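Biologist: Before we go through this structure together, I would like to hear the reasoning behind each term that is used for it. Please show me how a value leads to a word.

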Amino acid sequence: MSTGTLTPRRPGLRRGRDSYWQLLRAEWTKFRTVRGWVIGMIVAALVMVLIGLFAAGSAHIGCGGGPGNSPALSGAACLPHVPTGPGGEAVTDSFYFVRQPLAGNGSITVRITALTGQYGGGGGPAIPGSALSDMHRGIQPWSKAGIIIADSTKQGSAYAAMMVTGSHGVAMQDDYTQDIAGLPGTVSAASPRWLRLTRSGDTVTGYDSADGTGWTRVGTAHLAGLSATVQVGLLATSPSYMHLTPFFGGSSGQVGPSLATGVFDHVSLSGGRPGGAWTGDNVGNSDAYGSQTSRVETFRQAGGRFTVTGSGDIAPDVTGPASGVPTATIENHLVGTFAGLIAVVVVAAMFMTAEYRRGLIRTTLAATPRRGRVLAAKAFVIGLVAFVTGLVAAAVAVPIGIRLDRGEGQYVLPVTLLTEVRVLAGTAALLAVAAVFAVAVGTMLRRSAAAVAAVIVVIVLPYILGVAGLLPEGAGEWLLRLSPAAAFAIQQSMPQYPQVANVYTPANGYFPLAPWAGFAVLCGYAALALGAAFFLLRRRDA
Amino acid sequence: MSRAPAAHMRHAPRAGPAGMRRALPAGWADRRGTLHAEWTKLRTVAGPAWLLAATAAATVAVSAGAAAGTRCPAGIACPVDTTKLSLTGIEFGQAIVAILAVLAISSEYSTGMIRTTLTATPRRSAVLAAKAALVSGLVLVAGTIAVGGSLLAGRLILPGNGFTASRGFAPLSLAHGPTLRAAAGSVLYLALIALLSLGVATAVRDSAVAVGTVLGLLYVFPIVAASMAGDPRWQHRIEAYTPMNAGLTIQATTGLHGLPISPWEGLGVLAGWAAAALIAGGLLLRLRDA
């Protein structure tokens with residue numbers, strides 16, 4: 001900073017590299033000596049932090065039944081207990097478990113002849129005269145009945161399971177996030193499903209069969225550090241019923257509890273203690289699902305026939321309607337990126353257009369006749385400044401925002417360190433590439449007002465139309481694939497799980513493109529604009 | 001970014017020689033002259049005409065695109081406000097209107113023309129008023145074409161996408177009261193955006209900063225509001241009192257009870273923003289050296 005521009009060129013450096021270094025320093029000097037631009041970048045960081053904290057730090061969570069229907073507790077006292085799985089992710093782990101311990105290696109085999117269910121609210125024939133008179137018959141797409149080998153009955157423990165599902169056939173799932181499809185089709189007495197899990201050390205292998213003689217291996221799960229004695233048995237569970245009506249700019253609908261009942265026979269266990277008794281356990285029965293299973297008979301064993309009923313899910317937690325508790329994500333605190341982006345784009349466009357307005361461009365190009373290098377140096381300097389600005393703002397907004405959320409009783413879905421780094425650095429990179437894009441458009445248009453408006457409109461407006469519910473979902477998702485706004489996918493911290501029924505829309509924080517793919521779209525636009533700017537800068541008189 | 005203040009301007013006389021004045025039928029001729037001068041400035045450069053044409057064309061194109069991209073498949077309830085959908089392009093067109101209105105004043109600062117203008121018309125508020133009248137008038141014309149074209153596109157495209165009369169979607173028509181209100185209101189919306197932009201640009205003088213500020217005021221609040229589902233109280237405040245959210249309620253023709261603010265009140269909120277920006281800009285214009 002203090003070296004200034006008067007330092008003579010150091011001898012001994014190779015000429016080409018030396019002059020490019022000088023060019024970079026010249027552009028850096030131009031940037032740092034215009035007070036308005038430096039202030040603009042500081043404003044960008046400030047609005048990013050302030051809007052991020054304001055928008056996300058204002059949830060008012062109340063809980064507990066106080067007098068007169070008002071919540072007795074609020075704030076941090078309401079922070080829900082959410083179990084985390086072996087990978088550190090927040091999970092839902094509620095199911096009915098008919099189990100016995102299994103020491104060492106062994107396997108379990110069952111036949112399932114039926115999977116039925118009930119759910120609350122909405123259409124369908126109600127069940128008259130039963131304890132479930134407010135519920136209707138019907139199965140959810142991811143209702144589950146099957147067999148499971150779990151490290152313990154604690155929520156969030158490692159497991160591998162083979163199951164039949166409501167409408168996704170047989171599946172092998174393990175450790176909450178893994179899902180492998182097995183035999184297709186629904187289960188019935190006429191077409192039962194045979195399932196088998198075999199444990200050998202840390203490895204659990206799942207098999208399925210339609211007749212109990214010809215078996216197919218579905219998948220293998222590696223559960224690192226699996227206890228010597230595990231819990232093995234039958235499971236039944238059913239995630240929230242969701243009846244959603246998609247409409248212009250979102251979806252409305254009912255979400256309610258559901259129950260699933262599986263009917264098992266030919267249950268055989270090898271490797272365990274012979275003749276061990278089965279016990280029923282409502283895993284996770286302290287949460288909202290427990291109240292459903294308390295109303296029904298959850299486990300009946302008659303002869304060789306087991307009937308098991310459960311409610312809940314064994315799955316990663318997500319945001320949106322499928323989430324059991326109100327959740328926030330780390331990127332909720334980055335909503336100020338838009339305001340920061342606008343300030344960065346203004347500065348970046350002016351970084352180029354001011355040269356034209358003042359006539360400085362003629363001096364610049366006389367000093368460096370290789371015009372492409374001038375453009376490259378400008379893009380590099382403003383990109384770097386924008387990156388640092390964005391990184392500082394994101395690294396301040398996210399940790400403080402998470403603390404604020406916790407203080408208000410809002411549960412923030414945990415992410416791995418790698419994901420958090422990707423979200424923070426990605427936000428910074430998004431601002432950097434947008435700044436380069438603005439320099440390129442500024443070079444092409446040479447007018448600051450038009451350049452600023454063009455860049456802001458192509459990046460921010462598609463996001464508004466796609467996310468803030470001003471366009472229908474289909475059209476909005478296409479905008480978020482094709483426009484530079486696709487880059488905001490880099491801020492999405494929670495993956496989309498096919499084995500969890502949810503509303504995966506931009507409004508709920510799920511982008512149609514993968515994080516880096518979306519970012520690449522913006523990079524593509526910036527590269528195209530830089531190419532056009534390079535061409536025009538060389539062709540036109542300054 | 002402001003230039004060094006021109007010291008001599010501070011002592012410039014605030015009115016022309018009194019002798020020349022007396023011969024004219026005071027007031028109106030002055031105002032006519034100022035208007036005419038501003039009209040000449042707008043008319044004789046290519047920019048404003050292109051920007052006005054672009055406003056109309058881009059608004060219609062985006063509206064038609066939104067209508068074409070929206071389908072109502074058979075058997076699904078589609079609670080779509082077809083009038084509002086057909087006017088989606090306003091959200092894009094307003095950005096071009098903002099450029100036009102910002103340049104109307106900031107280009108004078110970037111070329112130094114403002115010193116000539118204020119020497120010729122020392123009553124600075126008259127200059128701003130003339131610019132406001134002309135820019136909003138031109139935007140009203142372009143906006144009328146933009147809105148008319150958008151509604152026509154919607155009327156032609158939407159029935160083919162399942163929004164048929166038999167399913168309760170009458171073809172868009174200005175004879176329908178709420179649709180007429182939405183159409184007229186959208187034209188007024190664009191004019192108010194022009195006034196807001198002119199006020200902001202007069203205050204900050206630099207075109208890039210002005211455009212950034214205006215687009216920030218318009219586009220950031222809807223995103224913040226959408227992210228605040230956890231706090232309905234603040235969400236309501238943002239939706240009811242920020243320029244774009246409040247102003248665009250004028251486009252709603254269905255579900256009026258669910259609106260954060262009634263359509264005309266919403267447009268009134270935007271008018272308040274525009275007035276505040278113009279007053280701030282006018283005051284700064286009077287108080288500062290040019």
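Modeller: Let us begin where the chains meet: the area buried between chain A and chain B is about 3100 Å², and carbon and sulfur atoms give 78% of it. Chain A brings 36 residues to this contact and chain B brings 39 residues. Please keep in mind throughout that this is a predicted model.

Biologist: How many salt bridges are there between chain A and chain B?

Modeller: The count between these two chains is zero, whereas a search of the whole structure, over all chains, finds eleven salt bridges.

Biologist: What makes the pair A:Asp313 and A:Lys144 a salt bridge?

Modeller: The N to O distance between their side chains is 2.5 Å, and the cut-off is 4 Å, so the pair meets the definition of a salt bridge. A:Asp313 lies in the loop between β20 (305-310) and β21 (314-316) of chain A, while A:Lys144 belongs to strand β7 (residues 144-150) of chain A, so the pair ties together parts that are 169 residues apart in sequence.

Biologist: Why is A:Lys144 called buried?

Modeller: Its relative accessible area is 1%, and buried means under 20%, so A:Lys144 counts as buried. Its partner A:Asp313, with a relative accessible area of 6%, is buried as well.

Biologist: How do you know that B:Lys41 and B:Glu108 form a salt bridge, and is each of them buried or partly exposed?

Modeller: The closest N and O atoms of B:Lys41 and B:Glu108 are 2.7 Å apart, which is within the 4 Å that the definition allows, so the name applies. B:Lys41 lies in helix α2 of chain B and B:Glu108 in helix α5 (residues 90-111) of chain B, so this pair joins parts that are 67 residues apart in sequence. With 21% relative accessibility B:Lys41 is partly exposed, because buried would require under 20%; B:Glu108, at 4%, is buried.

Biologist: What is noteworthy about the phi of A:Asp175 and of A:Arg446?

Modeller: A:Asp175 has a positive phi of about 45 degrees although it is not a glycine, and A:Arg446, also not a glycine, has a positive phi of about 60 degrees. Most residues other than glycine have a negative phi. A:Asp175 is placed in the loop between β9 (170-174) and β10 (178-181) of chain A, and A:Arg446 in the loop between α7 (417-445) and α8 (448-467) of chain A.

Biologist: Why is A:Arg446 called partly exposed?

Modeller: Its relative accessibility is 27%, and partly exposed covers what lies between 20% and 50%, so A:Arg446 belongs in that class. A:Asp175, at 15%, is under the 20% limit and is therefore buried.

Biologist: What makes A:Val388 suitable for a nonpolar patch on the surface?

Modeller: A patch residue needs over 30% relative accessible area, and A:Val388 has 45%, so it passes that limit, while counting as partly exposed. A:Val388 lies in helix α6 (residues 371-407) of chain A, and the other members of the patch are A:Phe380, A:Leu384, A:Val392, A:Val396, A:Ile400 and A:Leu404, with about 580 Å² of accessible area for the whole patch.

Biologist: Which residues touch the most other members of the largest nonpolar core?

Modeller: Among them are A:Phe31, A:Ile382 and B:Tyr219, in a core of 151 residues. Helix α4 (residues 337-358) of chain A gives the most to this core, with 16 residues.

Key: Residues numbered from 1 in each chain as written. Chains lettered and ligands numbered in written order. Predicted model: local features only at pLDDT ≥ 70, side-chain atom pairs only at ≥ 80, totals over all residues. Heavy atoms only, no water. Core = buried A, V, L, I, M, F, W, Y, C linked by side-chain atoms within 4.5 Å. Buried < 20%, exposed > 50% of the residue type's maximum accessible area, 1.4 Å probe, protein only. Helix = DSSP H or I, 4+ residues; strand = E, 2+ residues; numbered from the N terminus. Patch = residues over 30% accessible without salt bridge, like charges linked within 9 Å, V, L, I, M, F, W, Y side chains within 5 Å. Areas by Shrake-Rupley, 256 points an atom, 1.4 Å probe, with all protein chains shown as cover. Contact = heavy atoms within 4.5 Å. Buried area = accessible area lost by both parts, 1.4 Å probe.
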